[in-house]
Amino acid sequence: MENYLAVGKIVNTQGLKGEVRVISVTDFANERYKKGSLLTIFQDGKETGKVTVKSHRKHKNFDLLTFENHPRIEDVEIYKGSELKVSKEHIQELEGEDYYYHQIIGLSVVTDEGEELGEIKEILSPGANDVWVVKGKAKKDILLPYIDDVVKEVNLEEGRVVVSIMEGLLD
């Protein structure tokens, strides 16, 4: 089992002072990228080092980061295309009905009428609420908004989600 969770991918550098552009895949960017956070760098699927976050800011659709002891563009160019991950031991338990993406991806989805829809393959965060992408049984992907009217129960122990299908959702 993987001991790390992906939090972002370094897609480019930004400016000349060692800043990198990151496309985040975490739902806790402010926590993951806060000053002093330890991130592990993976290149081609292999761990290649660790960095400590020096600064974080948002710009358009990117998270911009600098790392301690990396003050120049030359220091971070080697990280282009790298994945940033955090050790699972650094994540904390969530309360109530909050879940980490890795807990939801892979769960089977069943309607409240007992029909199996498929398995959650990814989570999109386009706006006000997340959208769970379900790999449908012999159909195209099903997009389920993560709202109370649709998601009725998340059972991590049983590995399933119970949903209520609103009119037009499967069209």
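## Talking through a predicted fold

Biologist: How high is the mean pLDDT of the protein chain?
Modeller: First, this is a predicted model, where local features need pLDDT of at least 70, side-chain atom pairs count only at pLDDT 80 or more, and totals for chains, interfaces and linings use all residues. Residues are numbered from 1 along each chain as its sequence is written, and side-chain values use heavy atoms, with hydrogens and water left out. The pLDDT is the predictor's confidence in each residue, from 0 to 100. In the protein chain, 95% of residues reach 70 or more, and the mean pLDDT is 87.

Biologist: Which element has the highest mean pLDDT?
Modeller: Elements here are DSSP runs numbered from the N terminus: helices are H or I with at least four residues, strands are E with at least two. Helix α3 (residues 101–104) sits lowest, at 82. The highest mean, 96, belongs to helix α2 (residues 73–76).

Biologist: In what order do the strands of the closed barrel run?
Modeller: Two strands pair if DSSP finds at least two bridges between them. The barrel has six strands with antiparallel pairing, and the twist averages 50° from one strand to the next. That angle is taken between N-to-C directions, from 0 to 180 degrees, with axes as lines fitted to C-alpha atoms (for helices, over the stretch in contact). The order is β1-β2-β5-β4-β3-β6.

Biologist: Which residue in β6 stands opposite Tyr4?
Modeller: Start with β1 (residues 4–14), which pairs with β6 (residues 83–87) in the antiparallel sense over five bridges. Tyr4's opposite number in β6 is Ser87.

Biologist: And which turn residue between β1 and β2 has a positive phi?
Modeller: Six bridges join β1 to β2 (residues 19–24), running antiparallel, and Lys9 faces Ile23 across them. The two strands make a hairpin with four residues between them. The turn residue with a positive phi, about 75°, is Gly15.

Biologist: What is the bridge partner of Val20 in β5?
Modeller: Strand β2 is also joined to β5 (residues 62–67), by three antiparallel bridges. There, Val20 is matched with Leu65.

Biologist: Which residue takes a positive phi in the hairpin of β4 and β5?
Modeller: Six bridges join β4 to β5, antiparallel again, and Lys58 stands opposite Asp63. The hairpin has two residues between the strands. The one with a positive phi, near 55°, is Lys60.

Biologist: Which strands are the edge strands of the open sheet?
Modeller: This sheet has six strands in the order β10-β9-β8-β7-β12-β11, with mixed pairing. An edge strand pairs on one side only, and here those are β10 (142–145) and β11 (151–155).

Biologist: How many residues line the largest pocket?
Modeller: On a 1 Å grid over the protein atoms alone, a pocket is an open set of points where a 1.4 Å probe fits, with protein on both sides within 12 Å along at least five of seven lines; lining residues have an atom within 4 Å of a point. About 450 Å³ of space lies in it, a volume being the space filled by probe spheres set on points joined across faces, edges and corners. Ala6, Val25, Thr26, Asp27 and Tyr101 lie nearest its centre, and the lining count is 23.

Biologist: Which residues does UniProt list for "domain: RimM N-terminal"?
Modeller: This comes from an unreviewed UniProt entry; positions follow the numbering used here, feature names are shortened, and annotations may be inferred rather than shown by experiment. In the model that stretch is 10% helix and 54% strand. The listed range is residues 7–89.
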